[in-house]
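Biologist: I would like to learn how to read a few features here. Can we go through them one at a time?

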Amino acid sequence: MLLQAIYHLFKNDVIIHVQHAHELCALENHNAKVIIDTLNNNIFHTRLAYQLEKIKPSKIYILSPFRIKRCFGDIPVFFVNRNVSLSGFITLLNCNENNAITPELSLSCRQHQILTYILQQKSCSSIAERMHISLKTYNCHKYNIMLLLKLRKMSDLVRHKISCYLL
């Protein structure tokens, strides 16, 4: 509903709401503002990320309870809490300020990738192999993630509020 209202308010700008990777395949507009909804739709570390870098949109807005550092290279990315008001989101679309609605939780690309693999039930060794890191480095990342999310054990991740954004 929020995005439908935005379409009507910003008729002059090209605004694209991306829910699935196949929606971006035919996109040719390089100056678009792209809005990505990550609820039950983890678009990171997929072909969508590479397609976004290829079309070079003017800005990317990601609805998510966390932000990921340096996720799309030079493209300006704004992570927005899902509980943002319509007026707050419109203000963000009109300018570059997003301090009031930026999620507090911040993950590195590697931490996000490890969390995604863990929720996909990959083994420790297969995750380390896929990411080309040692098991010791993997365990270090896992420990830092647990501290960041305040988890006692990694199995608590399944019940954590951000887990639906990582699948």
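Biologist: Which backbone oxygen lies 3.1 Å from a polar atom of the side chain of serine 163?

Modeller: First, the ground rules. This is a predicted model, where local features need pLDDT of at least 70, side-chain atom pairs count only at pLDDT 80 or more, and totals for chains, interfaces and linings use all residues. Residues are numbered from 1 along each chain as its sequence is written, and side-chain values use heavy atoms, with hydrogens and water left out.

Modeller: Now your question. A polar contact is a pair of N or O atoms within 3.5 Å; within protein, one must be able to donate a hydrogen and the other to accept it, and residues adjacent in sequence count only if both atoms are side-chain atoms. Here the partner is the backbone oxygen of valine 158. The serine 163 side chain also reaches the backbone oxygen of histidine 160, at 2.9 Å.

Biologist: Is serine 163 buried or exposed?

Modeller: Buried means under 20% relative accessible area, exposed over 50%, and partly exposed in between (1.4 Å probe, protein chains only). Serine 163 has 9%, so it is buried. Contact means heavy atoms within 4.5 Å. Leaving aside neighbours within four places in sequence, serine 163 is in contact with Leu119, Leu157 and Val158.

Biologist: How many salt bridges does a search of the whole structure find?

Modeller: Side chains of opposite charge can pair when their charged atoms come close. The cut-off for a salt bridge is a side-chain nitrogen of Lys or Arg within 4 Å of a carboxyl oxygen of Asp or Glu. The search finds one. It joins aspartate 156 and arginine 159, with the closest N and O atoms 2.8 Å apart. Aspartate 156 counts as buried because its relative accessibility is 18%. Arginine 159, at 64%, counts as exposed.

Biologist: At what angle do H4 and helix H6 pack?

Modeller: Helices (H or I, at least four residues) and strands (E, at least two) are DSSP runs, numbered from the N terminus. Axes are lines fitted to C-alpha atoms, for helices over the stretch in contact, and angles run from 0 to 180 degrees between N-to-C directions. H4 and H6 (residues 135-149) pack at about 90°, with axes 10 Å apart. So H4 is roughly perpendicular to H6, a label for angles of 65 to 115 degrees. The H4 side of the contact includes Ile114 and Leu115, and the H6 side includes Tyr138 and Ile145.

Biologist: Where is threonine 116 found?

Modeller: Threonine 116 is in helix H4 (residues 109-119). Its relative accessible area is 6%, so threonine 116 is buried.

Terms used
Angles under 35 degrees count as roughly parallel, over 145 as roughly antiparallel, 65 to 115 as roughly perpendicular and the rest as oblique.
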